[in-house]
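Please explain how this chain is put together, with attention to its cores, its helix packing, its salt bridges and its unusual backbone geometry.

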Amino acid sequence: MAKILNGASLPNIPWQDKPAGCAAPIWRYDKNPIIPRDLIPSSNSIFNSAAVPFKEGYAGVFRCDDKARSMNIHCGFSKDGYNWDLDDDVVIFESADSSDGKEVLNSQYKYDPRVVFIEDRYYITWCNGYHGPTIGVGYTYDFKTFYAMENAFLPFNRNGVLFPRKINGKYVMLSRPSDNGHTPFGDIFISQSPDMIHWGEHRHVMSPLGGWQSTKIGAGPIPIETDEGWLLFYHGVLTSCNGYVYSFGAAILDLEKPWIVKYRTHPYLMCPQRDYECVGDVPNVVFPCAALTDADTNRITIYYGAADTVTGLAFCKLDDILDYVRLNSAV
């Protein structure tokens, strides 16, 4: 049996057993969506968001597009991972750099956040509007006070996803260089940093393949460390006659050299099929941004955005996913 490494016991993980007759390695929560588009008074939509264990429950950062259609992130808390209380006010960042705080805090928009606990704090990354999209980086200790750091990269970039620990003494981040619009291309790259500020050693990880992942790909939730490698859920985009279709699959990356792809799914794990995934502000989207794990049972719960409008849950078991990736690999 495979093991989740660097993982905690999470007995209260949101969970629903696999439905009878389901042959797929991943399945949806039957009460999706768990977060409606109008959970808070200001929101037009709530999606592409991230959650982590926090105290006796969960905390998270959520993409909320408001009724003026401005994109920003909000904080939220939950006792059970299903029912969330979100702050109607946007997250306000303080500068982590007192020498030029105004420039650090310069942002036209924020969206698609990820969050991960590393060492002594919760790091947040997001797509930050700074003369075009780039990777914003911040942190919090308590989900009450938030600090913004320097942007990780130059514009244009999206889908900045940190690994949950240093690798060979360095912080490591995946990203997807892009353009200033609805990018019709995109490979996943990896970068390293000694201090979470200066990023370099940029290396290529994966390119689009074809089919559901033929136009562009991007990292999803924080990679999960297992004894077989880093399990990475990632989204892929197909350009259909009716526009983009976002699905997601998974890859297994080498533990010490995570730019090496050991296995990668040729078929998708999940594609837009339910009404709430096919109908919304952006039709035909499933977009995973967070994964919770219980190291005792190898259960994995995935938070994903649906149709750029609402938030849903999906579930899987580590062994089933690893077996599926290996047996259906395009590598």
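**From charged pairs to nonpolar cores**

D30 is exposed, its relative accessible area being 56%. In this predicted model, D30 forms a salt bridge with K31, and the closest N and O atoms of the pair are 3.7 Å apart. K31 likewise counts as exposed, at 55% relative accessibility.

A second charged pair has another setting. R37 forms a salt bridge with D281, with 3.1 Å between the closest N and O atoms. This pair links distant parts of the chain, for R37 lies in the loop between β1 and β2, whereas D281 lies in the loop between α2 (275-278) and β20, 244 residues apart. R37 is partly exposed, with a relative accessible area of 29%, and D281 is also partly exposed, at 30%. The pair belongs to a network of salt bridges that links R37, R69 and D281.

A third pair is found among buried residues. The side chains of D65 and R63 meet in a salt bridge with an N to O distance of 2.9 Å. D65 has a relative accessible area of 5% and is therefore buried; R63, at 8%, is buried as well. A search of the whole structure finds 13 salt bridges, these pairs included.

From the charged groups the account passes to the nonpolar interior. In soluble globular proteins, nonpolar side chains tend to be buried together. The largest nonpolar core in this model has 38 residues, and those with the most contacts inside it are W84, V115, F143, F146 and Y303. At least two residues of this core come from each of β2, β3 (57-66), β4, β8, β10, β20 (286-294) and β22 (310-317). Apart from it lies another core, of 35 residues, among them I118, I217, A219 and L253.

The surroundings of F146 can be followed in detail. Beyond its neighbours within four places in sequence, F146 is in contact with V61, C75, V91, I92, F93, E94, I124, Y139 and T140. One of these partners, C75, has its place in strand β4 (residues 71-78). With a relative accessible area of 8%, C75 falls under the 20% limit and is therefore buried. Outside its own stretch of four places either way, C75 is in contact with G60, F62, D85, L86, D87, V91, F143 and F146. C75 and I92 are 17 residues apart in sequence, and their C-alpha atoms are 9.9 Å apart in space.

Helix α3 (residues 318-327) offers a further view of the interior. Its buried residues are L318, I321, L322 and V325. They cover an arc of only 95 degrees around the axis, and therefore lie on the same side of α3. An α-helix has 3.6 residues a turn, so residues three or four places apart point the same way. The buried residues of α3 pack against β16 (224-226), β17 (229-240), β18 (243-253), β19 (261-264), β21 (299-306) and β22. Of these strands, β22 also supplies at least two residues of the 38-residue core.

A hairpin illustrates local strand pairing. Strand β13 (residues 188-193) and strand β14 (residues 200-206) pair in the antiparallel sense over 4 bridges. One of the bridge partners in β14 is G200, which is matched with Q192. There are 6 residues between the two strands of this hairpin, and M196 in the turn has a positive phi of about 70 degrees.

Positive phi values also occur elsewhere in the chain. E119, a residue other than glycine, has a phi near 65 degrees. E119 is found in the loop between β7 (110-118) and β8 (121-129), and at 49% relative accessibility it counts as partly exposed. N159, which is not a glycine either, has a positive phi of about 55 degrees. N159 is found in strand β11 and, with a relative accessible area of 7%, is buried.

Two cis peptide bonds complete the description of the backbone. One joins N32 and P33, with omega about -5 degrees; P33 lies in the loop between β1 (26-28) and β2 (43-54). Another joins P155 and F156, with omega about 10 degrees, and F156 has its place in the loop between β10 (146-148) and β11 (157-162).

Technical notes:
Residues numbered from 1 in each chain as written. Predicted model: local features only at pLDDT ≥ 70, side-chain atom pairs only at ≥ 80, totals over all residues. Heavy atoms only, no water. Buried < 20%, exposed > 50% of the residue type's maximum accessible area, 1.4 Å probe, protein only. Contact = heavy atoms within 4.5 Å. Core = buried A, V, L, I, M, F, W, Y, C linked by side-chain atoms within 4.5 Å. Arc of directions from axis to C-beta. Pairing = 2+ DSSP bridges. Salt bridge = Lys/Arg side-chain N within 4 Å of Asp/Glu carboxyl O.
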